[in-house]
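Here are some notes to read alongside the structure, going from the chain as a whole to one residue within it. Please keep the picture open while working through the points.

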Amino acid sequence: MDTLTATNSIPENMRRVWRVRPTAPADFLARMAELNYSPLQAQLLYNRQLVGSEQIERFFEAGYNTLADPFLIKDMSQAVERIKAALATGERIAIYGDFDVDGVTACSLLVQFFRAAGGDVIPRIPHRVDEGYGLNPAALTRLAAQGVRLVITVDCGISNVNEAKLCPELGLDLIITDHHRPPDELPPASAILNVRQPGDTYPYKGLAGVGVAFQMVRALALAGVKAAGLKPNDLLDLVALGTVADIAPLTGENRVLVTAGLKALNKTTRPGILALVEAAGLTPGHLDASSIGFGLAPRLNAAGRIDDAIIAYELLLSDDLEQARELAQELNRKNRERQQKLAAILQEARAQVYAGRLHEKSKLLVLSGADWAAGVVGLVAGRLAEEFSRPVLVLEQGAEFSKGSARSIPQFNVIEALSECDDLLLRYGGHRQAAGFTLETARLDEFTTRLQAIAEARLHPDMLQPALEIDAAITLAEVNAAFKESLQLAPFGSENPPPLFVSYGLHIKEVRPVGAEGAHLRLKLYDPECHRMLEAMAFREGARITELQGLKRLDVVYQLELNEWQGQSSLRMRLHDFRATELSTQDLLTTDH
C-alpha cells in the first residue's frame, strides 16, 4: 500500500464504542469446566445470560417435541371448530396474507395444508402500492363475490377494526392470525390468534406470523384434520424462511422452529426453494439463517416491494422445477431492480440528513420524497437507523396521503410512539423496532414534530452512541476453535446474534475494493504471533478505504463465518468495525467490569 496519512471519515459522535464484555466469574468458569465446557464456550454462554444448568440444557436440547400445546393460544379452539366446519361442508376459504416473506410463507403454508385436507381454498395477497397493508374493503367485497365464506388472515388483520366490521355485511366469517402488537380495540372476529393479546396464555410470545399459522396447523392436526401425505413438520421449511426473514427473535420456540426448519430446507425437494437456492448462488445442503437473511429472503421480498408478492407465493408452491426456475429468475431481476431503487433513494435520503444537519438537531429522523417507492422505504429506514444510530421514518410522500416505514434502535419503542400519534394516522402497525403507517400528507409536519418531541423526552444522548458488544478478545491462533464453539449457539438472528470477537494489532497485507463501485472492502490480515493469515470482508464499508491508506496495523471487531466459493469452504472474518491499532487501543476501547 502507498504510504499516505490515514483519515477518519466517520464523525466522532458516530464512531462505535467497543465494549468487551466482562470476564465470567471464576466460580462459573470452574463449574462449566467440570461440565467439559471450554473457557470460551463458558464465556459465550455467560454473555447470553445462560448461567443455570437447566437454562443451558433447555437452550441446547430443546426440540420439536418441546413445543407448547397450540391450544394454549387464546381462541384456538374456536378457530379449529370453525375451520373443521368449513372443511366438512366444502365452504370456500380465503387465506389473506401480507406481501412480505412472513406473510407469503404463512399464506403458502395454510394453502398447502388446506388443499391436502381437501379444502376449497384460495390465496389473497394484497398489492403493496394499490391496496396497502392488511384487510381492505374492496378485496373483501371481491372475495365475497368469489363465493368465499371464511377469511383467515395471516401476519395481518389485528389492526383492521373497521374492515372486520364489514365482514358480516358481506356474509364473511373472519379468523385473524397475527403477531403484531394488538390495539386497544380488537377487531370483531370468530377467533383471534395472537399470542400478544390480553388473556393469551401461550408461554412464548415471539412467534412470527408464519409461526402462529403453523401452530394453527398443529392444532388442526391434533383435532383430527387429515391432510393427505402431509404432516405439520413437513412445512417447517416455510416456517424457517418466514421467521428469519421477519427478524423475529431466534430464542425459545423460534430457535426450535428455525433449527428444525433449516434441517428441512437443506433436505428439501420443494422445486421452488431448490430454484431459489440456485438463483441466489447458494449451495444446497449448506444453508443457514444467514443464507435466508442475505440470500433467499431479499429475493422473495423483492416481489412485493417492486411488483406483486403473488410471484413469491407461486414460486413456493410450484411443483414444476422448470417453471420454478423461471419464477426464481424473475425474482432475481426484481431484486436487482430493488437494489437500484434502494441505492438511489438512500442517496437522496442521506443528502436530506446532511443538508439539514438533521442528525445533529434531532434524536429521530423523518424523511420523505415524492417519488420514493413505498416498497423500498423500509429498507432505507433500516440502513439509516443503523448508520445514524437513531429512529428513522421514511415516507413516500403523496399529494393527499403518505405511506411510510419506521425502523428504530433497541432503546426506543417505535410502535409505542406511533400509538401516541394515532389521532394523526389513518393506519399503522408493527413491532418495537419496525412499523408501517399511513397518514394524510397535510398532517406530516405535525406528525414529525410530535414524534421528535417524544424521542427528545425518551432518548438520552448516550443512547444514540452506537456500540458494539464484544464477546471476547482472541488471536488468529484461536479462530478455528472460536468458530466451532460459536456454531453451537446457532441459528443466529435477532436476540441471538453471532458472537463478536476483537483482535488487536493485525498486520494489513492487502486491501481491495470489491463489488459494484467498490461498495465493499476485502482485506488480508496477518497475525505475526501465530503466523496466520485470514481474509476479512467489510460489507458496505467501501467509503472507508481512505482510513486504511498508510496503515500497517489494525484492530478489528468481527464475526467468523464460512465463505463458500466454487465448492470450496474457507474461514473468514466479517468485519463489524475496524480502527488503527494506536487509536483503538489507547483511546477508543472501553471494557465494562
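1. To begin with burial, 53% of the 593 residues in the protein chain are buried. Please bear in mind throughout that this is a predicted model, and that the values discussed here are computed from it.

2. On overall dimensions, the radius of gyration of the protein chain is 25 Å, which agrees with the value near 25 Å that a compact globule of 593 residues would have. The C-alpha trace, followed along its principal axes, spans about 75 × 60 × 50 Å.

3. As for how the chain is built, it has 21 helices and 19 strands. When contacts between residues at least 6 apart in sequence are considered, 68% of them join residues at least 24 apart.

4. Turning to the surface, the protein chain exposes about 25600 Å², and carbon and sulfur atoms supply 50% of that area. The chain carries 61 positive and 75 negative charges, and the mean positions of these two groups are 2 Å apart.

5. A single residue can now be examined, namely S503, which lies in strand β14, a strand covering residues 501-514. Is S503 buried or exposed? S503 counts as buried because its relative accessibility is 1%, and the cut-off for buried is under 20%.

6. What does the side chain of S503 reach at 2.7 Å? The partner is the backbone oxygen of I474. Leaving aside residues up to four places away in sequence, S503 touches I474, T475 and L476, and also L554, D555, V556 and Y558.

How values were computed: Residues numbered from 1 in each chain as written. Predicted model: local features only at pLDDT ≥ 70, side-chain atom pairs only at ≥ 80, totals over all residues. Heavy atoms only, no water. Helix = DSSP H or I, 4+ residues; strand = E, 2+ residues; numbered from the N terminus. Buried < 20%, exposed > 50% of the residue type's maximum accessible area, 1.4 Å probe, protein only. Polar contact = N/O pair within 3.5 Å; in protein donor to acceptor, adjacent residues only side chain to side chain. Contact = heavy atoms within 4.5 Å. Rg over C-alpha atoms; globule rule 2.2 N^0.38 Å. Areas by Shrake-Rupley, 256 points an atom, 1.4 Å probe, with all protein chains shown as cover. Lys, Arg positive; Asp, Glu negative; His and termini not counted. Charge placed at Lys NZ, Arg CZ, Asp CG, Glu CD.
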